[in-house]
Amino acid sequence: MLRGIYILPSLITTGNLAAGFVSMLYSINMQFTHAAWCIIIAIGFDMLDGRVARLTKSTSRFGVELDSLADLVSFGVAPSVLIYQMVLQTMHKPGIAIALFFVIASALRLAKFNVKAQEGESSSDFSGLPTPAAAGIIASFVLSYELFEQGEEITVRTIPILMKRMPFFFKTLPLLMILVSFLMISNVPYFGFKKFRFNRPKSLQFLILIVISILLIITYPQNSIFIIFMLYFLSGVFLYILRYWRLQRSLKLSLRLKKPERDTLKNVDE
């Protein structure tokens, strides 16, 4: 602090915080689409501030702490207020409990991340669902559901098969909030993008995937954002199950390999 703070990344992080605060104001006024877009904008700021800090070599403890405070507001409190105003308030006390659990899980997730950063533990993957992704799942759902609510007044293109499922997603939203909260404080691995470099060689399939994603977002903006966040959400669960299955398979294989050795020793003793 005696040497001052890095202005550019701190300003971007402040933009993240401001977007989260404005989102809460929109949620209170029942303007859910605007509130959701503010959270998406906050995610954009969050993706940008870290990269700017690393590119300009202006990372600092101050920036880490400010980023966590901004993330708690934008990705913990703001999505919780949004869903409470939109869905959970009709559930009364259970709705309050679900919204509060989401905020607490976000705070615990950020605290765990800060502790690992201070202890020098670095990894290309995240341990637990990142708070921006958790908030993105909520915000992108709201954007798609608000299109469904508009009916024939929709002015943007949508994916019909997804829009037909919106009532089902709406009914399961409280359960989704609980599941997302648990995943934030879990050890389920998720791919991290902070160390991703576009200037390094990548496979042709990856380039094709990026191009398809961009085209989908341009053509079906709200629906595509929801699909991307849901795929990321499911990817961690799928990889966790896959790793668990492989671990169990290797354990069974090792036990089978050791069994002949035990039988041989038994025969020798006899």
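Residues 24 or more positions apart account for 82% of the contacts in the protein chain with a separation of 6 or more. Keep in mind that this is a predicted model. The chain has 270 residues, and 37% of them count as buried. Here's a quick tour, from the overall layout down to a few single residues.

**The overall layout**
- The secondary structure adds up to 10 helices and 2 strands.
- If you walk along the sequence, the pattern goes α-α-α-α-β-α-α-α-α-β-α-α.
- About 16700 Å² of the protein chain is exposed, with carbon and sulfur atoms supplying 68% of that area.

**Helix 1 and what covers it**
- Helix 1 takes in residues 7-28, 22 residues in total.
- From its first C-alpha to its last, helix 1 reaches 31 Å, close to the 32 Å expected at 1.5 Å a residue.
- Plenty to look for inside: the buried residues of helix 1 are P9, S10, I12, T13, G15, N16, A19, G20, S23, M24 and S27.
- The cover over those buried residues includes helix 2 (32-55) and helix 3.
- Just after helix 1 you'll meet M30, which takes a positive phi of about 65°.

**S74, a buried serine**
- S74 sits in helix 3, which runs over residues 61-86.
- With a relative accessible area of 0%, S74 falls under the 20% cut-off, so it counts as buried.
- The side chain of S74 reaches the backbone nitrogen of G20 at 3.5 Å, and G20 is itself one of the buried residues of helix 1.
- Setting aside neighbours within four places in sequence, S74 is in contact with N16, L17, G20, I39, A42, P79 and A135.

**Helix 9 and its nonpolar patch**
- On the surface, L207, I210, V211, I214, L215 and I218 make a nonpolar patch of about 550 Å².
- One of these patch residues, I210, belongs to helix 9 (residues 204-219).
- I210 has a relative accessible area of 31%, so it is partly exposed; patch residues need over 30%.

**Y220, in the loop after helix 9**
- Y220 is found in the loop between helix 9 and helix 10, the latter covering 221-269.
- Y220 and T158 are 62 residues apart along the chain, yet their C-alpha atoms are separated by 5.5 Å.
- Not counting residues up to four places away in sequence, Y220 touches R157, T158 and I159.

Key. Residues are numbered from 1 along each chain as its sequence is written. This is a predicted model: local features need pLDDT of at least 70, side-chain atom pairs count only at pLDDT 80 or more; totals for chains, interfaces and linings use all residues. Side-chain values use heavy atoms; hydrogens and water are left out. Patches are made of residues with over 30% relative accessible area and no salt bridge: like charges are joined within 9 Å, nonpolar side chains (Val, Leu, Ile, Met, Phe, Trp, Tyr) within 5 Å. Accessible areas come from the Shrake-Rupley method with a 1.4 Å probe; for residues, only the protein chains shown count as cover. A salt bridge is a side-chain nitrogen of Lys or Arg within 4 Å of a carboxyl oxygen of Asp or Glu. Helices (H or I, at least four residues) and strands (E, at least two) are DSSP runs, numbered from the N terminus. Buried means under 20% relative accessible area, exposed over 50%, partly exposed in between (1.4 Å probe, protein chains only). A polar contact is a pair of N or O atoms within 3.5 Å; within protein, one must be able to donate a hydrogen and the other to accept it, and residues adjacent in sequence count only if both atoms are side-chain atoms. Contact means heavy atoms within 4.5 Å. The expected span of a helix is 1.5 Å times one less than its number of residues.
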